[in-house]
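Work through the following exercises with the sequence and coordinates at hand. Each task is followed by a solution in steps.

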2 protein chains.
Amino acid sequence: MADDIPDIVIGRLPIYLQALTRMIEDGDKTTTSSQELGERLGISSAQIRKDLSHFGEFGKQGTGYHINYLVEQLRRILHLDREWPVALVGAGFLGHALAHYGGFKRRGFRISWIFDVDAQTVGQKLNDITIRHVDNLEKVIRREKVQIVVLAVPAVAAQGLADRLVDAGVGAILTYAPISISVPPGVQVQYSDPVVQLQRMTYYLDAE
Amino acid sequence: MADDIPDIVIGRLPIYLQALTRMIEDGDKTTTSSQELGERLGISSAQIRKDLSHFGEFGKQGTGYHINYLVEQLRRILHLDREWPVALVGAGFLGHALAHYGGFKRRGFRISWIFDVDAQTVGQKLNDITIRHVDNLEKVIRREKVQIVVLAVPAVAAQGLADRLVDAGVGAILTYAPISISVPPGVQVQYSDPVVQLQRMTYYLDAE
């Protein structure tokens, strides 16, 4: 792993991967260019070439990128050439939505364990997975060597759970709670926040 | 509105706003610098200064940025110096989670209308809002001049609803469906996709 590649570059690779995958689904071509990719994504072609150059030579002057090859390389770079099992904490409305989310398949992830604190919920099945009590969290994380956890819990519970997950060895947390969580260096955190996405769009809306 | 500012710059402004707001909540200082902000966010200080320079002079060499002032300016630039009413389409698990989401308050948005297609759901209240039948979508959007819609619907329904929303005059759509939607130029679309966020983190995880 090349540690000197800026995180912001890593953050753009899944977006390139998604755009390339859509090109494959559209099925109308086998090659693309940094210009075409850039136009789709609103990113300059120079930026895309520079980002990819951190990892090697993926295209040729004049012929561009072979889409399938570039997808394969991006999946390898991002460690998506396998399926990552994911633990979901929180089986409320959001947890139910995530458990039923159709977007995980064939993109590298599968929700394999679900935890909740509510006695009524524990023991029930959600998308064929039996919901466990969150008291068992560390035990399962350690035994199964779970590296990725999605937190779909209220704001008040997020930090305490993050601390427990880090102690148990988790390396990546995607959290939906509207609160910032602290983790030690080396542990990845991503926030899913609809407000940040909405705020990006209001710039373009007419102020009346 | 300055049309020549790259969208990727606009996309970083809510992230700056969020980090600055957290600094205010932490309450330990009144000024910050592009260096400090950059370290928090993993973005270079030069990039932050360049991004902000599109909109004016917000800081001074040596003293940095007054946090409250910069927050106020970013809110003005992003048109967040008001509250935007938002229509939510889809009152399933995800719709319920969004209706109860605590992160909208004081950040510029309020879910004001909720629509669903299910006869059992229509007429019920969700977080004090009566769920309306989606047949009334265009009527309400036009009458209330709704500009922002959140789509929490299955993939198969997303494009059809997007077409109807665009026809009715909506300018910004945040969609959770795991599918790409087409809209005419000038209409903003943001995708909430847990997989893209997970893929960004697996780069840092050990491949076993």
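The exercises below concern a predicted model.

**Exercise 1. Helix packing in chain B**

Determine at what angle helix H1 and helix H3 of chain B pack, how this geometry is classed, and which residues make the contact.

Solution.
- Step 1. Two packed helices are described by the angle between their axes and the distance between the axes.
- Step 2. For helix H1 (residues 7-26) and helix H3 (residues 45-53) of chain B, the angle is about 110 degrees and the axes lie 10 Å apart.
- Step 3. Angles of 65 to 115 degrees count as roughly perpendicular, so H1(B) is roughly perpendicular to H3(B).
- Step 4. On the side of H1(B), the contact is made by B:Val9, B:Arg12, B:Leu13 and B:Tyr16; H3(B) contributes B:Gln47, B:Ile48, B:Asp51 and B:Leu52.
- Step 5. By class, the residues of this contact comprise five nonpolar, one polar and two charged.

**Exercise 2. Salt bridges within chain A**

Identify the parts of chain A that the salt bridge between A:Asp26 and A:Arg40 ties together, and state whether its two residues are buried, partly exposed or exposed. Then examine the salt bridge of A:Asp28 with A:Lys29 in the same manner.

Solution.
- Step 1. Side chains of opposite charge can pair when their charged atoms come close.
- Step 2. Over all chains, the structure holds 20 salt bridges.
- Step 3. In the pair formed by A:Asp26 and A:Arg40, the N to O distance is 3.6 Å, to be compared with the cut-off of 4 Å.
- Step 4. A:Asp26 belongs to helix H1 (residues 7-26) of chain A and A:Arg40 to helix H2 (residues 34-41) of chain A, so the salt bridge ties together parts that are 14 residues apart in sequence.
- Step 5. The relative accessible area of A:Asp26 is 49%, which makes this residue partly exposed; A:Arg40, with 39%, is also partly exposed.
- Step 6. Between A:Asp28 and A:Lys29, the closest N and O atoms are 3.9 Å apart.
- Step 7. A:Asp28 is exposed, its relative accessible area being 56%, whereas A:Lys29 is partly exposed at 28%.

**Exercise 3. The interface of chains A and B**

How many residues of each chain are in contact, and what area is buried between chain A and chain B? Locate also the two partners of the salt bridge between A:Asp193 and B:Arg107.

Solution.
- Step 1. The contact involves 66 residues of chain A and 66 residues of chain B.
- Step 2. About 6500 Å² is buried between chain A and chain B, and carbon and sulfur atoms give 64% of this area.
- Step 3. Four salt bridges are counted between chain A and chain B.
- Step 4. A:Asp193 and B:Arg107 form a salt bridge with their closest N and O atoms 2.6 Å apart.
- Step 5. This pair crosses between chains: A:Asp193 is in the loop between strand S10 (188-191) and helix H8 (194-202) of chain A, and B:Arg107 is in the loop between helix H5 (93-99) and strand S5 (109-116) of chain B.
- Step 6. A:Asp193 has a relative accessible area of 11% and is therefore buried, since buried means under 20%.

**Exercise 4. The surroundings of A:Ala172**

State whether A:Ala172 is buried or exposed, and list the residues that A:Ala172 touches.

Solution.
- Step 1. A:Ala172 is located in strand S9 (residues 172-175) of chain A.
- Step 2. Its relative accessibility is 0%, so A:Ala172 counts as buried.
- Step 3. Leaving aside residues up to four places away in sequence, A:Ala172 touches A:Gln147, A:Ile148, A:Val149 and A:Gln188, together with B:Met201 and B:Leu205.
- Step 4. The C-alpha atoms of A:Ala172 and A:Val86 are 9.8 Å apart in space, while the two residues are 86 residues apart in sequence.

Technical notes. Residues numbered from 1 in each chain as written. Chains lettered and ligands numbered in written order. Predicted model: local features only at pLDDT ≥ 70, side-chain atom pairs only at ≥ 80, totals over all residues. Heavy atoms only, no water. Axes fitted to C-alpha atoms, helices over the stretch in contact; angles between N-to-C directions. Helix = DSSP H or I, 4+ residues; strand = E, 2+ residues; numbered from the N terminus. Parallel < 35°, antiparallel > 145°, perpendicular 65-115°, else oblique. Contact = heavy atoms within 4.5 Å. Nonpolar A, V, L, I, M, F, W, Y, C, P; charged D, E, K, R; others polar. Salt bridge = Lys/Arg side-chain N within 4 Å of Asp/Glu carboxyl O. Buried < 20%, exposed > 50% of the residue type's maximum accessible area, 1.4 Å probe, protein only. Buried area = accessible area lost by both parts, 1.4 Å probe.
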